Amino acid sequence: MTTQVAWLAPICALIGICVAGYLGSWVLKQDPGSEKMNSISVKIQQGAKAFLMSEYKLLIIFMVVVGIVMAVALSPITALAFVTGGVLSAAAGYVGMHVATRANTRTAHAAEESVARALNVSFKSGLTMGLCVASFALLGLSLWLIALVFGVMAGVAPDQLSADFMTLIHENVGMVEGFATGASAVALFARVGGGIYTKAADVGADLVGKVEAGIPEDDPRNPAVIADNVGDVAGMGADLFESYTGAILAPTILAATFGSLGGYFATNDLVWAVVTPVVIAACGIITSIIGLFAVRTKEGAALHKALNRGTYLAAALEIIVIFCIFFMWNSQSTEAQPIWLFGSVICGLVAGLAIGKITEYFCSDKYNPVHKIAESAETGAATVIIEGIGTGMLSTIAPIVLVALAIIGAYTFGNMAFPNAAAEGGIAVGLFGVGLAATGMLSNTAITIGVDAYGPVADNAGGIAEMAGLPEEVRDRTDSLDAVGNTTAAIAKGFAISSAGLSAISLFVSFQATMHHSIPDFSLTLTDPMIVAGIFIGAMMPFMFAALTMGAVSRAAHAMVEEVRRQFREIPGIMEYKAEPEYDKCVGISTTSALHEMMTPGILAIVIPVVIGCFNPAMLGGFLAGAVSTGMLMAIFMSNAGGAWDNAKKYIEQGFHGGKGSEAHKAAVVGDTVGDPFKDTSGPSMNILINLMTIVSLTFSPLFIAIQAML
């Protein structure tokens, strides 16, 4: 029965892919608008395709090199899984960008009729990406898991099943870890590369266009405007693809690790523990599809309510389905009470929803934090930046407290589910519940990405409306969608960051348990100076990563600013609409900068944990603990500060504090340009960073063990 339930995952993933195909084809059938609108959209499509193809050429080289290293150092099957994860991650990004860069002009044309119709087009485009991300990740991961379980069962004699099954599952789980490593690595490059691309263009366009030249956002006279619109959708969904994969995988690996140690699970319970996370994720795809039908609005109605309605409906249905899953497991278990694990999942789901509301409070222009930043703009850019930094720092308190409560609650329920399980090496089975909390938090990833990814499409639509000279009310409608999109994007980042923290904890525990199982005297205590040193080095990692990515944006933006200034200076007639800017030059700067600058941070995230692990695995344990702690804080701080700065600017543009063109508006634009790499480059990359370093450490743990055995 258990193995039959496992097949729900690839089946639901295929259903999700089919629905994504239907939604994507529906979007592409919509009217793209006038010839001028369509020609602008084609330029954006060409820029996006050129960037992706160039990026993927580099990633192919990277994957081949790392795959060869894995095949030699670990196993060919792990290397194959690594490549599979990377390919599916890249495929999800390609499909999402393909639809998004064509939905922009269709959304702009729909906005000529009503905001409700524009929301329908842009949200279906976003959900296409959401379903692709969730379905591609789940399909690959579930098939590797099924191959693992069935492969082990086929290789074990029936009379030895209970004795050998658990050990063999743990010994062969590396294939699944390889898949997650590939997915995470490509997602990191996509997020960093896309973030550098878009923010170089965005900062250059804003500083020279808005502040220096005094022309509107997305004005066709601005040479960086096409690159800015290309960048809006570059790397979208990459952070949640990685977090989603990690959230499913973390409890699975933890279960396999616990099973190999003995004293934790009966064989049937272990099979359930391994497959339950993918089954929960499978049901989340179906509930996300159902949630689509609740996202409807009327002209003049609150847009965020329509989006929240779809999210809450999907969450309510997911809760019911998850209870049924654990009820089935409970009915087949003889030595445990898995129904209590339902509480662990609810802890994660409730914490995720609460963190989303807190993020909305700090980032939405409906609430006081953004209003205070807008008010501070009246005294200049410096006070905008100070107020925004303070807001971002303050916004970390409640999410971290909620994550801590979710950990405690999920751990407690996990222990209640397995009351007879003995701790091994100081590790209690309740931590399996913590891993399931992360799964619960991202179980509805498809619709979470949908309400996130529609925002950049609406932003692109506004740009096309501006460049095509559509009536002002069209831009007002797309701006209203974009403003809500900024908040929903911040909420999605809150989910990704929080779940990444929970997943990283579970993967960290798996690493500790794996090392302790093979090296009995392995322990992580603060009395060991190597571990303390590792904690400090790990705590530094997110800061170094942020510095590298922020510096990359700064250098790329500098080149962009100089190019825009050059064109304004050397091409006569641009400001009078008598000459067309050289858009391709700015697209080329963003592409070259992104591809050049993304490699160093991405490679360091993989190489540093491996080097430290080969030198001293205990030091690596401390390194991971430090990186996870500061990485979560940095991610929340940067994402929320950036979102608040952006919406403060938009709040002023609505007519408050002097409106567009005022001194306060210019100060808010400066704050927004500082926040751009915060929220779209460095911040959302942090959760990928901490998960990637943790899963790399776990994947290469056999190598660390072998090196220690030789010493």
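**Figure 1. Ring pairs tie W272, F326, W329 and F418 into one cluster.** This is a predicted model, and the close-up picks out these four aromatic residues, which ring pairs link together. F326 has a second role here, being among the residues that touch the most other members of the largest nonpolar core. In the whole model, the tally of aromatic pairs is twelve.

**Figure 2. W329 and F418 make a tilted pair.** Zooming in on these two rings, you get 6.3 Å from centre to centre and 55 degrees between the planes. Where do the two partners sit along the chain? W329 belongs to helix α11 (residues 303-332), while F418 is in the loop between α15 (397-417) and α16 (430-441). That puts them 89 residues apart, so this pair links distant parts of the chain. Both W329 and F418 are buried.

**Figure 3. Y651 and F656 form a stacked pair.** Here the ring centres are 4.2 Å apart, with 5 degrees between the planes. Is each partner buried or exposed? Y651 counts as buried because its relative accessible area is 11%, under the 20% cut-off. F656, at 37%, is partly exposed.

**Figure 4. K124 sits over the face of W26.** The lysine is 4.0 Å from the centre of the tryptophan ring.

**Figure 5. Helix α5 and the largest nonpolar core.** The core has 221 residues, and those touching the most other members are F123, L138, V176, Y244, F326 and F432. Which helix gives the most to this core? That's α5 (residues 115-154), with 20 residues. As a general backdrop, nonpolar side chains in soluble globular proteins tend to be buried together.

**Figure 6. A closer look at L138 and its contacts.** Leaving out residues up to four places away in sequence, L138 touches A9, A13, Y244, I248, V278, A281, A282 and I285. One of these partners, Y244, is listed along with L138 among the residues that touch the most other core members.

**Figure 7. The whole chain, for context.** Stepping back from the close-ups, the protein chain has 24 helices and zero strands. Of its 711 residues, 65% count as buried. Among contacts between residues at least 6 apart in sequence, 84% join residues at least 24 apart. The chain exposes about 23300 Å², and carbon and sulfur atoms supply 66% of that area.

Key:
Residues numbered from 1 in each chain as written. Predicted model: local features only at pLDDT ≥ 70, side-chain atom pairs only at ≥ 80, totals over all residues. Heavy atoms only, no water. Core = buried A, V, L, I, M, F, W, Y, C linked by side-chain atoms within 4.5 Å. Buried < 20%, exposed > 50% of the residue type's maximum accessible area, 1.4 Å probe, protein only. Helix = DSSP H or I, 4+ residues; strand = E, 2+ residues; numbered from the N terminus. Contact = heavy atoms within 4.5 Å. Phe/Tyr/Trp six-rings, centres within 6.5 Å; stacked < 30°, edge-to-face > 60°. Lys NZ or Arg CZ within 6 Å of the ring centre and 35° of its normal. Areas by Shrake-Rupley, 256 points an atom, 1.4 Å probe, with all protein chains shown as cover.
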